[in-house]
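Me: I've got this model open and I'd like a close look at a single part of it. Please pick the part, go through it slowly, and tell me how the pieces around it hang together.

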Amino acid sequence: MANACLRMKRRHILCFDGEFGQAVQKQLPASSGPPKRTSGSVKLDGEMLKLRYVFVTGKINDDVAKVFVQQLLYLQAQDPHAPVTIFINSQGGHVHSGLAMLDIMSHVSTPLHTVAYGRCCSMAVFLLAAGTRGHRFAFAHISIMIHELSTSYSKQQCSDIFIKVDKLRHTQQTLDRILSVQTGRPQQEISDAVARDKYMSVAEAIDFGLIDAVMPNGLIAPTRPSQPSEGL
C-alpha cells in the first residue's frame, strides 16, 4: 500500500496510507537537480579554502567561474602575498567562462601555484599554464590535451553563420596569442599545434612550456595567511 509522509514542524510527521496516501503523494513536489551537498562536504570545502586550496573540477562554465573568482578575490583580500594552490581536474568547457577566470588570475597579486591531476584538456590547459612561472605542476599520470575551438550550427541563415565564423576566428586567434605568451612559443606554432587534438605526456607538456615540472613528492604544504605582528 502506498504510504505518503509529510514532515511538519520539528519532529512531527504525518503519514497517510491507502488511496488517500496515493493522492497526497501525487501532490508532493518531485526532487529535481543535483543532490544537495552535505554539511560535511561544505565544511571540508571551507577547510580547504583556509589552506588556500582552490579546486577547478569538471566542466568549466559560468557557475564554476563564479565560485573560482569569488574564492580568488577572497583569498587576495585575506593576504595578497601568500600563495594560492589551484588544483585542476577538468575536461575544459565554455571558452568565455574560462577567459573570465584567466582575467582574474592575471589581475590578482597573490602567487598562483597550479597543479593538474586526472585530466586537463582544452580550456583547462589555459588555467594550468597561467600559474606563476616555476610553480606549474602536473601529476605523473595526467592527461593533457589542447585543440581548436569547436562548434555546430543548425538551421541558421548563411549570413548569421558567416558572422559567427568571424567571431570564432577572432576568439581562436585570441586563444593562440594567450597560449603563445604562456609557453613562449611563436603564435603560428601554437596555431599549428592546436589544429587537431594534441595529447601530451607530462614530459611533452614540460617541453612545450605548459608546465614547469612533474609534481614532486611532499610539495603540497598548507599555506595560511600571514599574521600581522603586534606592535609594542
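Reply: What follows is a walk through the largest pocket, and then through the elements that can be traced outward from there.

Bear in mind that this is a predicted model, so a word on confidence comes before any detail. Mean pLDDT for the protein is 83, with 75% of its residues reaching 70 or more. Two stretches fall well short of that. Residues 1–16 have pLDDT below 50, although this stretch still makes 31 contacts in the model beyond near neighbours in sequence. Residues 228–232 are also below 50, and there the count of such contacts is zero. Where pLDDT is low, the predicted coordinates should not be read in detail, so go easy on any contacts drawn there.

Now the pocket. Its volume comes to about 420 Å³. There are 23 residues in the lining, and those closest to the centre are Gly93, Val95, Leu149, Ser150 and Leu168. Which elements give two or more residues to that lining? The answer is H4, helix H5 (123–129) and helix H6 (158–183). H6 puts in the most, with eight residues, and Leu168, one of those closest to the centre, falls within the span of H6. As for chemistry, the lining is a mix: ten residues are nonpolar, nine are polar and four are charged.

Take H4 next. This helix covers residues 95–107, with Ser97 among them. Is Ser97 buried or exposed? It is buried, because its relative accessibility is 3% and the cut-off for buried is under 20%. The side chain of Ser97 also has a polar partner, since it makes a 2.6 Å polar contact with the side chain of Asp62, and a pair like that counts when the atoms are within 3.5 Å. Beyond neighbours within four places in sequence, Ser97 contacts Ile60, Asn61, Asp62 and Ala65. Asp62 therefore turns up twice, as a polar partner and as one of the contacts counted within 4.5 Å.

H5 leads to a different spot. The loop between S5 and H5 holds Ser122, and this residue has a backbone oddity: phi is positive, about 55 degrees, although Ser122 is not a glycine. Ser122 counts as buried, because its relative accessibility is 17%. Arg52 has a positive phi too, near 65 degrees, and is likewise a residue other than glycine. You'll find Arg52 in the loop between helix H2 (39–50) and strand S3 (53–57). Its relative accessible area is 0%, so Arg52 is buried.

Stepping back from Ser122 along the chain takes you into strand S5 (residues 112–121), where His113 sits. At 17% relative accessibility, His113 counts as buried. Among its contacts outside the four-place window are Val84, Thr85 and Ile86, and those three lie in the span of strand S4 (residues 84–90). Pro83 and His135 are contacts of His113 as well.

Asn89 gives you the view from S4. In sequence, Asn89 and Ala116 are 27 residues apart, yet their C-alpha atoms are 6.1 Å apart. The side chain of Asn89 reaches the backbone nitrogen of Arg119 at 3.1 Å. Setting aside neighbours within four places, Asn89 touches Tyr117, Gly118 and Arg119, and it also touches Val56, Thr57 and Gly58. Val56 and Thr57 fall in the span of S3, the strand that follows the loop with Arg52.

One more strand is worth a look. Lys198 is in S8 (residues 198–200), and at 32% relative accessible area it is partly exposed. Met145 is 53 residues away along the chain, but the two C-alpha atoms are separated by 5.3 Å. Lys198 touches Ile144, Met145 and Ile146, plus Ala193 and Phe208, not counting residues up to four places away.

Links across long stretches of chain show up in the overall numbers too. Among contacts between residues at least 6 apart in sequence, 67% join residues at least 24 apart. The protein has eight helices and nine strands, and 35% of its 232 residues count as buried.

Key
Residues are numbered from 1 along each chain as its sequence is written. This is a predicted model: local features need pLDDT of at least 70, side-chain atom pairs count only at pLDDT 80 or more; totals for chains, interfaces and linings use all residues. Side-chain values use heavy atoms; hydrogens and water are left out. Helices (H or I, at least four residues) and strands (E, at least two) are DSSP runs, numbered from the N terminus. Buried means under 20% relative accessible area, exposed over 50%, partly exposed in between (1.4 Å probe, protein chains only). A polar contact is a pair of N or O atoms within 3.5 Å; within protein, one must be able to donate a hydrogen and the other to accept it, and residues adjacent in sequence count only if both atoms are side-chain atoms. pLDDT is the predictor's confidence in each residue, from 0 to 100. On a 1 Å grid over the protein atoms alone, a cavity is a set of points where a 1.4 Å probe fits but cannot get out, and a pocket is an open set with protein on both sides within 12 Å along at least five of seven lines; lining residues have an atom within 4 Å of a point. Grid points are joined across faces, edges and corners, and a volume is the space filled by probe spheres set on the points. Ala, Val, Leu, Ile, Met, Phe, Trp, Tyr, Cys and Pro count as nonpolar, Asp, Glu, Lys and Arg as charged, and the others, Gly among them, as polar.
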